[in-house]
Amino acid sequence: MRRGPFRPGDRVQLTDPKGRLHTITLEPGKTFHTHRGHVRHDDLIGAPDGTVVEHTAGTDYLALRPLLSDFVLSMPRGAQVVYPKDAGQIVTYADIFPGATVVEAGVGSGALSLSLLRAVGDTGRLLSFERREDFAEIARANARTFFGREHPAWSVTVGDLVEALPRAVGPGTVDRVVLDMLAPWDCLDVVGEALVPGGVLICYVATTTQLSRVAETARRAGGWTEPVAWESLVRGWHLEGLAVRPEHRMHGHTGFLLTLRRLAPGVEEHRRTKRPAPGAYGEDYTPVVEEEWSAEDLGERTRTEKRLRRTVRDARAAAEARDAIPENDPRREGVSGA
Ligand SMILES: C[S@@+](CC[C@H](N)C(=O)[O-])C[C@H]1O[C@@H](n2cnc3c(N)ncnc32)[C@H](O)[C@@H]1O
């Protein structure tokens, strides 16, 4: 369904000459309006991907099927999404492979779930956990819109990972765990129990205080390798004749990534030969172990209930437009090409 000429029900990204993007879902007889005129959907249906269509005001629009990275940035969102640059790092450094059993929490808007589903493929399993029903619904609708049907490898459980994970999986049966949540340190025990020896845990956190707390909690608990942490900065480049230079604007900060690997049962730690830097755990170091942190404590903006209800409606409507493709249409088959 991501190949061939445009068909009714396809999402198409239109780019105007100023680089502004609009995403539409093709329906016979419909028109896409701007303040100066319109583009007919019928001019796109049957045309190849990468077509240029003319707007009634004489402007040309480039029409392309959105890539996963485009879709994630334009889909309805309940919670902040993992950006494509970080999703790419997560898939690679958590070593998500076709056929793997992967646990993910929370699901949020489902952006990262889409990359994980692509990486595990139809033969893998992605068990995602989200404690908010409304976010889970947005994520499910976004995945249905993107893949065109329910992905066979995916299950979404509404509940807190700490309670829900031990009920969902047996000890030592999960290959990889991905945590994108406020307090990943609260989940280390259940995740450690679920992971196979050598399994990978990757945490995505927004602040250095979270990064430190998850690393120190894992060290104290034992049973994990030494944490490895990093961030990635991606700077776009402007390319025009001799004017070849970095873009003036960039996303300065998205989040930090941290990986740990599960040690075999009974192995508590692998002693480091290097001593901690002098003062690292000196008198100024105060471990934050018991305090509860809220999203606001970490500077996160929360959405109003009204805005969230609108997002749920938008996500559901987009999925329903996709569902409107007839049952026996070949585009409903085979998510593997998605
Ligand atoms: C930043 S969002 C995740 C975004 C998601 N990775 C994406 O790319 O769209 C964090 C989510 O974790 C959920 N969450 C936090 N703690 C959780 C827990 N212990 N169990 C399940 N979900 C949790 C929150 O409700 C929130 O939706």
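Two strands count as paired if DSSP finds at least two bridges between them. I kept that in mind while looking through this model, which is a predicted one.

**Entry 1: the open sheet**
I started with a sheet of 4 strands. The sheet is open, its order is β2-β1-β6-β5, and the strands pair antiparallel. Which strands stand at the edges? I found β2 (21-25) and β5 (51-54) there; each has a single partner strand, so one side of each has no neighbour in the sheet. I also looked up the twist: ignoring direction, neighbouring strands of this sheet are turned by 35° against each other on average.

Then I checked one pair in detail. β5 and β6 (residues 60-64) are joined by 4 bridges in the antiparallel sense. Across this pair, V53 sits opposite Y61 in β6.

**Entry 2: strands around β15**
Next I moved along the chain to β15 (residues 256-261). How many bridges join β11 to β15? I noted 6, with β11 (residues 195-205) running antiparallel to β15. One facing pair here is V205 and F256, the latter in β15.

β15 also pairs with β12 (residues 228-230), again antiparallel, this time over 3 bridges. For V228, I wrote down T259 in β15 as the bridge partner.

**Entry 3: two domains**
I looked up how the protein is divided: domain 1 covers 1-66 and domain 2 covers 70-261. Their C-alpha centres are 33 Å apart. Where the two touch, 4 residues come from domain 1 and 4 residues from domain 2. What is on the domain 1 side, by class? I got 2 nonpolar and 2 polar residues, and no charged ones.

**Entry 4: around the ligand**
Then I turned to the ligand and found 22 residues surrounding it. The closest are A79, G106, G108, A111 and M181. Which elements give two or more residues to this shell? They are α4 (111-120), β8 (125-130) and α6 (161-168). By class, I noted 12 nonpolar residues in the shell, along with 5 polar and 5 charged.

**Entry 5: how far to trust it**
Last, I checked the confidence. The average pLDDT of the protein is 90, and 94% of the residues score at least 70. Where does pLDDT stay under 50? That happens over residues 332-338, a stretch with 19 contacts beyond four places in sequence in the model. A reminder to myself: predicted coordinates should not be read in detail where pLDDT is low.

Conventions
Residues numbered from 1 in each chain as written. Predicted model: local features only at pLDDT ≥ 70, side-chain atom pairs only at ≥ 80, totals over all residues. Near = placed C-beta within 6 Å. Nonpolar A, V, L, I, M, F, W, Y, C, P; charged D, E, K, R; others polar. Axes fitted to C-alpha atoms, helices over the stretch in contact; angles between N-to-C directions. pLDDT = per-residue confidence, 0-100. Contact = placed C-beta atoms within 7 Å. Domains from an automatic or database assignment.
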